[in-house]
Amino acid sequence: MTSAWRATVLTLFPEMFPGPLAHSIAGKALAHQKWCLDAINIRDFAKDKHNTVDDTPYGGGAGLVMMADVVHGALCAAETLYEGKASPQYIYVTPRGAPLTQAIVRTLSQNPSGIVVLCGRYEGVDDRLVEYWREEKGLIEISLGDYVLSGGEMAALTLIDACVRLLPGVLIKEEAKTSESFELDLLEFSQYSKPRIWQNKVVPEVLLSGDHSKIAAWRQKSAEQITKERRPDIWKAYDNQRASTKRTQSGKGGSFAAKGD
Ligand code: SAM
């Protein structure tokens, strides 16, 4: 159990955890101790009798800022949970961070110790705290997207869920990890289930053929078409990669085989 991948969340609302993480895939894995979760209440590290965690910003302006010394106490408490292990990845979830990607999720899920996620509230945390933990412990800042949430808890839940499903033994079908959107540098192909005809919409015949190579070719084409239409940024990167692979292959006298074929 102690060697399991551990997620530690620092929050002013510990009761929000495990929340949705107690259900479905993440919940089952949690129950089976394939990972573990701690929620640390930042308020427990307040220094005054009123349990104050925030104060007005220097220079004025709206809102309050979470105080460096209080959050530092909570981070130090989190650190003790990983004693004797490799350092976890410290993360501050913030709209100012690097956008979360599947590649980042993969790296985090491969950290043998796990992650510590700091959730901000109000105007966020004192920047010196972020700077200190970046310099001393390699803290990174991650954003869920270009919008502002009222707190980091939703971001932490999302981030942890994405990591947990990549942990060994969590998904029943391990292949699901490698065929999904972003894992093959494309969005996922279209998927259908029973009935074969619904609202006059018919499942493509090839998917019923049992011919695995034809099905793989259809899925590749579907994934390419969907990516091209919906995410020109991902398509461009994929197309460039494909062109350079083709050049390398033809230089060696080989032929290009699309990923996933
Ligand atoms: N004043 C901050 C700014 O403009 O960048 C926003 C603070 S927000 C109201 C409060 C907290 O919610 C942040 O400290 C952060 O932890 C979390 N948060 C908000 N939006 C987020 C996002 N897009 N990704 C990750 N965390 C977010």
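## Exercises on helix packing, ligand contacts and backbone geometry

The axes of helix H7 (residues 212-230) and helix H8 (residues 232-251) come within 6 Å and cross at roughly 130°. The model is predicted: local features need pLDDT of at least 70, side-chain atom pairs count only at pLDDT 80 or more, and totals for chains, interfaces and linings use all residues. Numbering starts from 1 along each chain as its sequence is written, and side-chain values use heavy atoms, with hydrogens and water left out.

**Exercise 1. Classify the crossing of H7 and H8.**

Step 1. Take the angle of roughly 130°. Axes are lines fitted to C-alpha atoms, for helices over the stretch in contact, and angles run from 0 to 180 degrees between N-to-C directions.

Step 2. That angle makes H7 oblique to H8. Angles under 35 degrees count as roughly parallel, over 145 as roughly antiparallel, 65 to 115 as roughly perpendicular and the rest as oblique.

Step 3. Add the hand: H7 passes H8 in a left-handed crossing (the near helix is turned anticlockwise from the far one by less than a right angle).

Step 4. List the contact (heavy atoms within 4.5 Å). H7 gives Gln220, Glu224, Thr227, Lys228 and Arg230; H8 gives Pro232, Ile234, Trp235, Tyr238 and Arg242.

Step 5. Sort by class: four nonpolar, two polar and four charged. Ala, Val, Leu, Ile, Met, Phe, Trp, Tyr, Cys and Pro count as nonpolar, Asp, Glu, Lys and Arg as charged, and the others, Gly among them, as polar.

**Exercise 2. Describe how H2 and H4 pack.**

Step 1. Helix H2 (residues 68-80) and helix H4 (residues 127-137) have axes 10 Å apart, at an angle of about 30°.

Step 2. H2 and H4 are therefore roughly parallel to each other.

Step 3. Ala68, Val71, His72, Leu75, Cys76 and Glu79 of H2 meet Leu129, Tyr132, Trp133 and Lys137 of H4.

Step 4. This contact holds seven nonpolar, one polar and two charged residues.

**Exercise 3. Find backbone atoms of Gly120, Tyr147 and Gly151 that pair with the ligand.**

Step 1. For Gly120, a backbone N or O atom lies 2.9 Å from a ligand oxygen atom.

Step 2. For Tyr147, a backbone N or O atom is 2.8 Å from a ligand nitrogen atom.

Step 3. For Gly151, a backbone N or O atom is 3.5 Å from a ligand oxygen atom.

**Exercise 4. Locate the cis peptide bonds before Pro18 and Pro195.**

Step 1. The bond from Phe17 to Pro18 is cis, with omega near 0°. Pro18 sits in the loop between strand S1 (5-11) and helix H1 (24-31).

Step 2. The bond from Lys194 to Pro195 is also cis, with omega near 0°. Pro195 sits in the loop between helix H6 (175-179) and strand S8 (197-198).

Step 3. Helices (H or I, at least four residues) and strands (E, at least two) are DSSP runs, numbered from the N terminus.

Notes: Polar contact = N/O pair within 3.5 Å; in protein donor to acceptor, adjacent residues only side chain to side chain.
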